[in-house]
Structures are given as C-alpha cells and as structure tokens.
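Me: I'm new to this structure and would love a close look at a single part of it. Could you pick one spot and then show me what surrounds it?

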Amino acid sequence: MIVCVCHRVSDREIARHANAGMSFDEIQFELGVATQCGRCETCARDVVARCGAHGGAAAIYNEVAAQPVQLATPILESKAWPSSQLLQAA
C-alpha cells in the first residue's frame with residue numbers, strides 16, 4: 001500500500017528500512033516520507049512502530065497467515081541495503 005503519495009513510498013519499503021535498524025527520522029531523510037504535505041506521517045510512524053513491536057515486516061503483513069512474506073523486488077541502492085558493488089569496494 002502506498003503510504004506517502006507525494007514521494008510514492010509504500011508501507012513495505014518503510015518496513016524494510018525499519019527492519020534494517022533505521023529510526024523514523026532516518027527513514028524520513030532517506031525516503032522523503034512525511035516531508036512534503038505531512039498527511040502520511042501518522043501512518044508511516046505506525047508502520048515503523050509495528051515493525052519494532054512485532055519483530056519485523058513478516059509479522060505485519062502476515063498477522064493471520066503464519067508464513068514469511070516474499071518481497072517482490074530487492075532494494076538495490078540504499079543506506080539500509082548497500083549494493084554488492086559497495087561491499088566489494090570496502
């Protein structure tokens with residue numbers, strides 16, 4: 001589901017970053033969520049809070065079903081998920 005319409009940020013993307021250990025402020029800086037009109041801030045904060053409270057995105061998206069979530073596309077370039085090229089350079 002799209003949480004931030006202004007920057008086209010989904011709840012899954014927010015959850016991925018939260019599960020990588022990023023705070024709401026870091027996610028806001030990285031993704032731009034809640035930086036334009038601000039109407040998505042409450043929902044975005046709820047997603048971050050649920051990731052910490054339930055142990056991750058799988059718990060949020062599968063509260064009824066007891067199977068892990070299969071993510072459609074990996075994050076290739078992000079502070080939360082460095083690419084393999086960055087890892088090889090280090």
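Reply: Happy to! Let's start at alanine 34, which counts as buried because its relative accessibility is 12%, under the 20% that marks the limit for buried residues. Please keep in mind that this is a predicted model.

Where does alanine 34 lie? Look in the loop between α2 (24-31) and α3 (41-54). The backbone at alanine 34 has a positive phi of about 60 degrees, although this residue is not a glycine.

A useful partner for this view is arginine 8, another residue that has a positive phi without being a glycine, here about 50 degrees. Arginine 8 also sits in a loop, the one between β1 (2-4) and β2 (9-10). Its setting is another matter: arginine 8 counts as exposed because its relative accessibility is 65%, and exposed means over 50%. If you would like a glycine to set beside these two, glycine 21 takes a positive phi of about 100 degrees just after α1.

Now back to the loop of alanine 34, and to the residue one step before it in the numbering. Val33 is among the residues with the most contacts inside the largest nonpolar core, which has 17 residues. Others on that list include Ile14, Phe24, Ile27, Cys40, Ala44 and Val48. Two or more residues of this core come from each of β1, α1, α2 and α3, and α3 gives the largest share, four residues. As a general point, nonpolar side chains in soluble globular proteins tend to be buried together.

To see how these pieces meet, follow alanine 44. Setting aside neighbours within four places in sequence, alanine 44 is in contact with Val3, Ile14, Phe24 and Val33. Ile14 is worth a second look, as it is one of the buried residues of helix α1 (residues 11-19). The buried residues of that helix are Asp11, Ile14, Ala15, Arg16, His17 and Ala18, so charged names such as Asp11 and Arg16 appear there beside Ile14.

Finally, step back to the whole chain. The protein has five helices and two strands, running β-β-α-α-α-α-α from the N terminus. Of its 90 residues, 34% are buried, and alanine 34 counts as buried too because of its 12% relative accessibility. Among contacts with a separation of 6 or more, 48% join residues 24 or more positions apart. On the outside, the protein exposes about 6000 Å², with 53% of that supplied by carbon and sulfur atoms.

Conventions
Residues numbered from 1 in each chain as written. Predicted model: local features only at pLDDT ≥ 70, side-chain atom pairs only at ≥ 80, totals over all residues. Heavy atoms only, no water. Buried < 20%, exposed > 50% of the residue type's maximum accessible area, 1.4 Å probe, protein only. Contact = heavy atoms within 4.5 Å. Areas by Shrake-Rupley, 256 points an atom, 1.4 Å probe, with all protein chains shown as cover. Core = buried A, V, L, I, M, F, W, Y, C linked by side-chain atoms within 4.5 Å.
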